[in-house]
Amino acid sequence: MKLQVAIDLLTTEAALELAGKVAEHVDIIELGTPLVKSEGLSAITAIKNAHPDKIVFADLKTMDAGELEADIAFKAGADLITVLGAADDSTIAGAVKAAKAHSKGVVVDLIGIKDKVTRAKEVRALGAKFVEMHAGLDEQAQPGYNLNVLLSAGEEARVPFSIAGGVNLSTIEAVQRAGADVAVAGGAIYSAADPELAAKELRAAIV
């Protein structure tokens, strides 16, 4: 199982600083949507230039113009981009077309999708490299939120998937047990007193 750090910071400078601390312990460096919106494509290029050996994941959350948005992100240095599962099939197919042209990949983010299992199978058939079983920060803040909903959906879908939404040292074992291909840790790393140690401990917990 790969470890992905989600960098939900707002400046390229802060993102580069965090990435520099944790890159040794992660496989995928994700530029969170707030960072991409704040800094633009230049942030993708900066991270890729600083860490050319890492998979750079641009969390665009594309909802329309899939081919165009994927193309510009791949040209900027992204290896993976996200399209929302709620997008039209043609949007996902367009992004996949751009990905094939660049030998890159599309991840379909199932945030907000009620029937994640069905949609996961549909978008995988459209060419998604993997799907992201994702609960956003707002959903996680709701009373009664439980990561097990995502884990169960991933197990049932039987397609390559990542888990994002509450991955930390106490849950990463369950994430791996569910068969996830990628564990996405955001706040567990960037909000830690020692982000490098947090990433190192998460890496050590993956067997």
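**A walk through the predicted structure**

His25 is buried, since its relative accessible area is 9% and the cut-off for a buried residue is under 20%. The model we are reading is a predicted one, and His25 is a convenient place to enter it. This residue is found in the loop between α1 (12-22) and β2. If we set aside its neighbours within four places in sequence, the residues in contact with His25 are Leu3, Glu196, Ala199, Lys200 and Arg203.

From that loop the chain goes on to strands that can be followed one after another. Strand β2 (residues 28-31) is joined to β3 by 4 bridges, and the two strands run parallel; in this pairing, Glu30 stands opposite Phe57 in β3. On β3 and strand β4 (residues 80-84), which also run parallel, there are 3 bridges that join the two, and here the bridge partner of Phe57 is Leu80 in β4. To get from β3 to β4 the chain crosses through helix α4 (residues 66-76), and this β-α-β crossover is right-handed.

How many of the residues of strand β3 are buried? In β3 (residues 55-62), 6 of the 8 residues are buried, so the strand is largely enclosed by the rest of the structure. Lys61 lies in this strand, and with a relative accessibility of 23% it counts as partly exposed, because partly exposed covers the range between the 20% limit for buried and the 50% limit for exposed. The backbone of Lys61 also deserves a look, as its phi is near 50°, a positive value in a residue other than glycine.

The path now continues from β4 to β5 (105-109), and these strands run parallel and are joined by 5 bridges. Within this pair, Val83 stands opposite Val108 in β5, while β4, α5 and β5 together make a right-handed β-α-β unit. Val108 also stands opposite Val131 in β6, and 3 bridges join β5 to β6, which run parallel. Here the chain crosses from β5 through α6 to β6, and this β-α-β crossover is right-handed.

Is β5 covered on one face or on both? In a regular strand the side chains alternate between the two faces of the sheet. For β5, Gly105, Val107 and Asp109 on one side and Val106 and Val108 on the other are all buried, and both faces are covered. This agrees with the count for the strand, in which 5 of its 5 residues are buried.

Helix α5 (residues 89-102) can be examined with a little arithmetic. At 1.5 Å a residue, its 14 residues should span 20 Å, and because its end C-alpha atoms are 20 Å apart, the model agrees with that expectation. Which residues of α5 are buried? They are Thr91, Ile92, Gly94, Ala95, Val96, Ala98 and Ala99. An α-helix has 3.6 residues a turn, so residues three or four places apart point the same way. What covers the buried residues of α5 includes β3, α4, β4, β5 and α6 (116-125).

One of those buried residues, Ala99, can be taken as an example, and its place is in helix α5. At 3% relative accessibility, Ala99 counts as buried. Leaving aside its neighbours within four places in sequence, Ala99 is in contact with Phe74, Lys104, Gly105 and Val106. By contrast with these contacts, Ala99 and Ala192 are 34 Å apart in space, C-alpha to C-alpha, with their positions 93 residues apart in sequence.

After α5 comes Ser103, which lies in the loop between α5 and β5. Ser103 has a positive phi of about 55° although it is not a glycine. Is Ser103 buried or exposed? At 66% relative accessibility it counts as exposed, because the limit for that class is over 50%.

The last stop is the largest pocket, which has a volume of about 450 Å³. Its lining is made by 27 residues, and those that lie nearest its centre are Asp8, His134, Leu137, Gln140 and Tyr190. Which elements each supply at least two residues of this lining? They are α2 (33-39), β3, β6 (130-134), α7 (137-140), β8 (182-185) and α10 (187-190). Two strands from the earlier part of the walk, β3 and β6, are thus among the elements that line the largest pocket.

How values were computed:
Residues numbered from 1 in each chain as written. Predicted model: local features only at pLDDT ≥ 70, side-chain atom pairs only at ≥ 80, totals over all residues. Heavy atoms only, no water. Buried < 20%, exposed > 50% of the residue type's maximum accessible area, 1.4 Å probe, protein only. Pairing = 2+ DSSP bridges. Right-handed = clockwise from strand over helix to strand, strands pointing away. Expected span 1.5 Å × (residues − 1). Contact = heavy atoms within 4.5 Å. 1 Å grid on protein atoms, 1.4 Å probe; cavity = no way out; pocket = protein on both sides within 12 Å on 5 of 7 lines; lining within 4 Å. Points joined across faces, edges and corners; volume = space filled by probe spheres on them.
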